[in-house]
Amino acid sequence: MGKSKKIKSEAEIQYDKKVKEVSPTSPLLTDCVKAFLFGGAVCVVGEVFYTLYSYLGVSEKNCATGVSITLIVIAAALTGIGVFDKIAKHAGAGTVVPITGFANSVAAPAIEFATEGHITGTAVKMFSIAGPVIVYGSAAASLYGLIYYCFCRGV
């Protein structure tokens, strides 16, 4: 038995044609270059802070923590004053993928729904985007930790 193909109606064909006409084309190479450059810039800023913290005598472990906290605070502040979205419009995945994107995904809904109150607005919506990342990231970390414990505890 072969698979039966669904025949599109004239309305569906016209709809598909209209969608293609009005949908903006995305310059893939340009978007990739911008994401690479902006993402790299985020990393350079992180390295600058790491070097600064090292110079100030902070331990290596605490430098890494300090850089993460600093980048999160900067991204949240830029989100709060409306600058992060303007940067992300041009940077694409260059700002979404690093830790700055995570900070934006927590801060943006919190700011957007602040008018609904601290509990039902800010607190409820704060993790609407970042929540799944936290849940599945924590679950994966627990699973990996359990596997490591079971197979590598004698090492």
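**Entry 1: Tyr53 and its ring partner**

I looked up Tyr53 in this predicted model and noted that, at 18% relative accessibility, Tyr53 counts as buried, because the cut-off for buried is under 20% relative accessible area. Phe49 has a relative accessible area of 21% and is therefore entered as partly exposed.

I then searched the whole structure for aromatic pairs and found 1. That pair is formed by Phe49 and Tyr53, with 6.0 Å centre to centre and 35° between the planes, and I recorded the arrangement as tilted. Both residues belong to helix H2, and because they are 4 residues apart there, about one helical turn separates Phe49 from Tyr53.

**Entry 2: H2 against H3**

Phe49 and Tyr53 came up again when I turned to the packing of H2 with H3, whose axes come within 9 Å and cross at roughly 135°. The two helices are therefore oblique to each other, and I noted their crossing as right-handed. On the H2 side the contact is made by Val45, Gly46, Phe49, Tyr50, Tyr53 and Ser54, while H3 contributes Glu60, Cys63, Ala64, Gly66, Val67, Thr70, Leu71 and Ile74. Sorting the residues of this contact, I get 9 nonpolar, 4 polar and 1 charged.

**Entry 3: H3 against H6**

I next followed helix H3 (residues 60-80) to helix H6 (residues 99-112), and found that their axes come within 8 Å and cross at roughly 40°. H3 and H6 are therefore oblique to each other, since angles under 35 degrees would be needed for roughly parallel. The crossing of H3 and H6 is right-handed.

Which residues of H3 meet H6? I listed Ser68, Leu71, Ile72, Ala75, Ala76, Thr79 and Gly80 in H3, which meet Ile99, Thr100, Ala103, Asn104, Ala107, Ala108 and Ile111 in H6. By class, this contact of H3 with H6 holds 9 nonpolar and 5 polar residues, with no charged ones. Leu71 also appears among the H3 residues in the contact with H2.

**Entry 4: H2 against H4**

Last, I checked helix H2 (residues 28-55) against helix H4 (residues 84-91), which pack at an angle of about 135° with their axes 8 Å apart. That angle makes H2 oblique to H4. Here I found Lys34, Ala35 and Phe38 in H2 meeting Ile87, His90 and Ala91 in H4. I divided the residues of this contact into 4 nonpolar, 1 polar and 1 charged.

Technical notes. Residues numbered from 1 in each chain as written. Predicted model: local features only at pLDDT ≥ 70, side-chain atom pairs only at ≥ 80, totals over all residues. Heavy atoms only, no water. Axes fitted to C-alpha atoms, helices over the stretch in contact; angles between N-to-C directions. Parallel < 35°, antiparallel > 145°, perpendicular 65-115°, else oblique. Left-handed = near helix turned anticlockwise from the far one by under 90°. Contact = heavy atoms within 4.5 Å. Nonpolar A, V, L, I, M, F, W, Y, C, P; charged D, E, K, R; others polar. Phe/Tyr/Trp six-rings, centres within 6.5 Å; stacked < 30°, edge-to-face > 60°. Buried < 20%, exposed > 50% of the residue type's maximum accessible area, 1.4 Å probe, protein only.
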